[in-house]
Structure formats: structure tokens, C-alpha cells
Amino acid sequence: MYTTSQPDPVRLEIFKNLYQFIAEQMGIVLQNTATSVNIKERLDFSCAIFDSSGLLVANAPHIPVHLGSMSESVRSLINDKGDTIKPGNVYLSNNPYNGGTHLPDVTAITPVFLENGENILFFTPLFYVASRGHQADIGGITPGSMPPHSTTIEEEGILFDNFLLIEEGNFRETAVRHHLSNHTYPARNPEQNLADFKAQIAANERGAQELQKMVSQYGLDTVRAYMKFVQANAEESVRKAIAVLKDGSFIYQMDNGAQIQVKVTIHPENRSATIDFTGTSGQLNSNFNAPKAVTQAAVLYVFRTLVDDNIPLNAGCLNPLEIIIPVGCMLNPTYPAAVVAGNVETSQTIVDALYGALGIMAASQGTMNNFTFGNERYQYYETICGGSGAGNNFDGTDGVHSHMTNSRLTDPEVLETRYPVLLESFSLRSDSGGRGKYSGGNGVVRRIRFLEPMTANILSGHRLVPPFGLNGGEAGKVGRNWIQRQNGTEENLDSTATVEMNVGDVFAIETPGGGGFGKF
């Protein structure tokens, strides 16, 4: 196959799907070989392929907050390690200040060198493949590594910053074990960490193998050229979507008193947009700070959803966007700010603020309802669905993981087999969606009874401020967190809370509904 300066439309479609297929194959390997519930059952992972510069080419339809930020991690590795990157190396990274999201999301990055038999044809990586998986525990002050009240990054767990996991084919088990344990708040289950790291290595290896096959079949020049064409096609698709948008602004109030302020300015002459977060609250003393990579991922997600075409989310989508995020604000914090909720909670509010500014749809539940529990033996984490927001010509959806999360809940049978808990009930929360011409989706009610003493944590939002309606639509109902003790007494909890659960106690979570759109 020959290469031209312009893509052939048929070949463009073929390559677009081939690149995405490789990422999907990586995800299948990761799910099949992982041992943790988080990755195997909840599918809290993402896989993607990158060009030689570390720019995203294609991904599988995994977790949006991962996919929009992983490129920053890969480029950080290139900038940091550069000439020392060798065939057979694999690196680990979860640094929120170098493209990471929060510490439980650990990315394995594998450089791909072109090989002919046992000979390396080029001595610099031609591509990179990466897989990001949410570890059930990576240390920190609470089991599950999602502490509601952390104030520094150290309290949230172990930090990997381009850590060399495999050196020229040799797994550095002693070094990684030492890294997991040599910390003020060490990892509680290093065996599970190692097992999931190995699953990520296997996933990356599948990606590298598929890229090698692709090069063998089509030739290196063609594969690399169509990587650029696929990115350029995504850029053009986003420019078309921008062309029909109008300027807008929005101020989004959060339960903790912080606010996100955004102004979107459309530039029709070149079909680009400026997204300016000036006016957003400064860096917080809580963990609701969102790393810059997370903020960019949220913007990327919103503009990708405006494209009515089957394109892979990639670096081309960002080219028409100028994103202004003041340094030191809660959406671009500086070390050592705590960030564990920024990834899961603040990312959701950024998305809703952007949809509000563009007048496209009402707020979703605006939270991931992060629930963790555990002790030294067990560690568990889940995000809980709620109502999505309504928009012009569509109602919101009941009981769905929306926007920046795309994970699922653990099956009750698996949950109750692996952990000493009982899922007492799980149901839709009637009339929790905001009314309007188009109604917001309903939240859910989830009750978990504990069969052993454990520490439980909730990290959530919209327990005080309701998810907004738009164009005259009503707001969705706020969520609620509470404990029903074995003796029948009830304890109401804040948006964020840590509580000791005893045998027979029930942790109840009522998730918010989505906002309505248009006058009822």
C-alpha cells in the first residue's frame, strides 16, 4: 500500500477502526488477566495507543477521564526518560502532576520498537501503548485509597513517577515491592497490586504485537501517515461541531463552597473555541482539586460528545481548543495538593458547567458517589450510578454512570462472595429527577449491610446543592448518605465522610437525580 499526502476515505475508515480495535484487544486481555474486582468486574480501566510523540491516536470506549489525560503521562515519560528508553522496558506512572488523575489510577506505559526477528530496526520507539487501571488500594490513610479528608498527596497513597517496572524484559519485583511498602501509608495488598500490574503488562504486550502486525501488513510509512490522518480527521470533526455553537458562560457552585467558572468563546473565522476557567476558586485545602490533565480530559470529553460521527477520541480533538486554566486554581493545583476527589467529583462538575455554558443539557447527578470500605484484609471501591441530565429533545436516563465515569457496578454475587457484606437493596429512587419539558433521570438507592467491622468512606457531591435544570427545567434532587445502626438508630453523613461500621450496620446511599430541561 502506498502513502499519499491525502488520505483515501476508505482506507481512513479502515485504519480508524484498526487502531481502535487494537485498544479494544488490549482491554480484553486486561480484563481477562486481572484479579481485582475493580478491573475484572467493574471495568475501571482504559487502554490506548499513541504515536512517537506521545499523542493519543485511538482508544477503546473505556473511561473518559482516563483517556483524555493519558497522553500527558506518556509525554511526561518521553520528556523525563528520553534517550534511556530501551526495548523491553515498561514504566509505571500515577503522578497527578505529570498527566495522572489520582493515585489509584496507575498507568503502565510500554514503548514499541520495530523488530525484525531479534533485530531492532529503529533505536527510538515508533509508538507507545498504555493501560490505566484503578487499583483497589495503593496505600494512603484509608483502605481503598479514596480518603474523604486528605489534604496532601502523600495521604492518598504511593506515587509512581515514570517508575521502571520492567527493565529490558526483566520484571523488577523487588524494587516495586519496596516502593509499595516504603511509605508513611503503605499499600495494604501488594500481591493484588503486582497481579494487576502484570495484567497491564500483558495488555500492553498485546497492543505492541498488534501494531507490529499492522506494520508488517501495511508498511511503516502508511501506518504512521494514517495515524496523522486519523488525528486530522478528528480535528476537522470537532471544528464542524464548534461551527454551530454560541458563546456562553456558567458558574457552578459545589457542596464545599467552591465554584467553577467557565467562559466559552467561539471563533467562527477558524471554527475554534477558547475555554477560560478564570474566576474558578483557588487551590483547596481539601482533595477536590482536579489536576490539569483531568480538566483537559473533561473539556476534551465534552467537545468529543458534540461530534455526530464515529471518530476515536484522540489528540486531534484538542487542536481547535484553547484551554485557559490559571495556575494555582482548583483545576490546576500545585504540588502537594490532594487530588483524589478532583478526578472523580470535580471532573463531573467541569463537564456539567461546560454543558451549561453551551446551553446543551442540564446537570447530571454530578458525582460518582465514591464508596470504599475495608480493613487490612479487604479493600473495595465502587462508583454508584444516578440520574443523567435532560436536554433539548431528550429525557435524562435513570440509574446510569454518566460522563467522566464509564465503569459498572460489581455483580451482587461477586460482591457478596469476595467481601463480608450483604447487598440488602438496590433500586431506582422515584421522582428524584428534575421535571421539565424533558425530565431528568432518577437516581438510585443502595443499601449495604456489613457482616464484619470495617472502615467505610463516602466521597460524593450534590448532597447540598441540587443538580441544575436548564431553560426553565427543575433541578434534580440532592443525594443523601446515612447509616442505619444495628440498634435502629440513624446517622446522617456529609458529602464526604469516614465512619466505622460494625456487624449488622447498614450504609445507605441515595444518589442525585439529573436536572430537567425546558419549562414543564
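Visitor: Why is Ile109 called buried?

Guide: The relative accessible area of Ile109 is 0%. A residue counts as buried under 20%, so Ile109 meets the cut-off. This is a predicted model, and the value is computed from it. Ile109 belongs to strand β4, residues 105-112.

Visitor: How far apart are the C-alpha atoms of Ile109 and Tyr301?

Guide: Their C-alpha atoms are separated by 22 Å, and the two residues are 192 residues apart along the chain.

Visitor: What makes Thr142 count as buried?

Guide: Thr142 has a relative accessible area of 7%. The cut-off for buried is under 20%, so the word applies to Thr142. Thr142 is in the loop between β7 and β8. Thr142 and Ala456 are 314 residues apart along the chain, and 8.6 Å separates their C-alpha atoms.

Visitor: Which residue in the loop between β7 and β8 has a positive phi?

Guide: Asn162 does, at about 55°, although Asn162 is not a glycine. Its loop runs between β7 (127-134) and β8 (163-167). With a relative accessible area of 3%, against a limit of under 20%, Asn162 is therefore buried.

Visitor: What is the phi of His462?

Guide: The phi of His462 is near 55°, a positive value in a residue other than glycine. His462 sits in the loop between β18 (454-459) and β19 (480-484). Its relative accessible area is 5%, which is under 20% and therefore counts as buried.

Visitor: Why is the pair of Phe160 and Phe163 called edge-to-face?

Guide: Two values decide it. The ring centres of Phe160 and Phe163 are 5.4 Å apart, and rings pair if their centres lie within 6.5 Å. The planes of the two rings are at 80°, and planes over 60 degrees apart count as edge-to-face. The pair is therefore edge-to-face. The structure holds 16 aromatic pairs.

Visitor: Are Phe160 and Phe163 buried or exposed?

Guide: Phe160 has a relative accessible area of 0%, and Phe163 has 13%. The limit for buried is under 20%, so Phe160 and Phe163 are both buried.

Visitor: What lies over the face of Phe163?

Guide: Arg172 does, at 5.6 Å from the ring centre. One of the conditions for a charge over a ring is a distance within 6 Å, and the value for Arg172 satisfies that condition. Another such case is Arg446, whose charged end sits over the ring of Phe426, 4.7 Å from its centre.

Visitor: Which residues do ring pairs link into a cluster?

Guide: The cluster consists of Phe371, Phe373, Tyr378, Tyr380, Tyr419, Phe450 and Phe507.

Visitor: Where else do Tyr380 and Tyr419 appear?

Guide: Tyr380 and Tyr419 are among the lining residues of the second largest cavity. The structure holds two cavities of 30 Å³ or more, and the second largest has about 40 Å³ of space. Its lining also includes Ser36, Ala136 and Gln192.

Visitor: Which element gives the most to that lining?

Guide: β15 does, with three residues. Both α2 (37-40) and β15 (379-382) supply at least two. By kind, the lining residues divide into five nonpolar, four polar and no charged.

Visitor: How do you know that the span of helix α6 agrees with its number of residues?

Guide: Helix α6 covers residues 190-218, which makes 29 residues. At 1.5 Å a residue, α6 should span 42 Å, and its end C-alpha atoms are 42 Å apart, so the two values agree. Just after α6 comes Gly219, with a positive phi of about 95°.

Visitor: What makes Arg239 count as buried?

Guide: Arg239 has 15% relative accessibility, and the cut-off is under 20%, so Arg239 counts as buried. Arg239 is part of helix α7, residues 220-242. Between Arg239 and Arg206 there are 34 Å in space, C-alpha to C-alpha, and the two are 33 residues apart in sequence.

Visitor: Which two residues does a cis peptide bond join?

Guide: The bond joins Tyr335 and Pro336, and omega is about 5°. Pro336 is in the loop between β13 (321-324) and α9 (340-358).

How values were computed: Residues numbered from 1 in each chain as written. Predicted model: local features only at pLDDT ≥ 70, side-chain atom pairs only at ≥ 80, totals over all residues. Heavy atoms only, no water. Phe/Tyr/Trp six-rings, centres within 6.5 Å; stacked < 30°, edge-to-face > 60°. Buried < 20%, exposed > 50% of the residue type's maximum accessible area, 1.4 Å probe, protein only. Lys NZ or Arg CZ within 6 Å of the ring centre and 35° of its normal. Helix = DSSP H or I, 4+ residues; strand = E, 2+ residues; numbered from the N terminus. Expected span 1.5 Å × (residues − 1). 1 Å grid on protein atoms, 1.4 Å probe; cavity = no way out; pocket = protein on both sides within 12 Å on 5 of 7 lines; lining within 4 Å. Points joined across faces, edges and corners; volume = space filled by probe spheres on them. Nonpolar A, V, L, I, M, F, W, Y, C, P; charged D, E, K, R; others polar.
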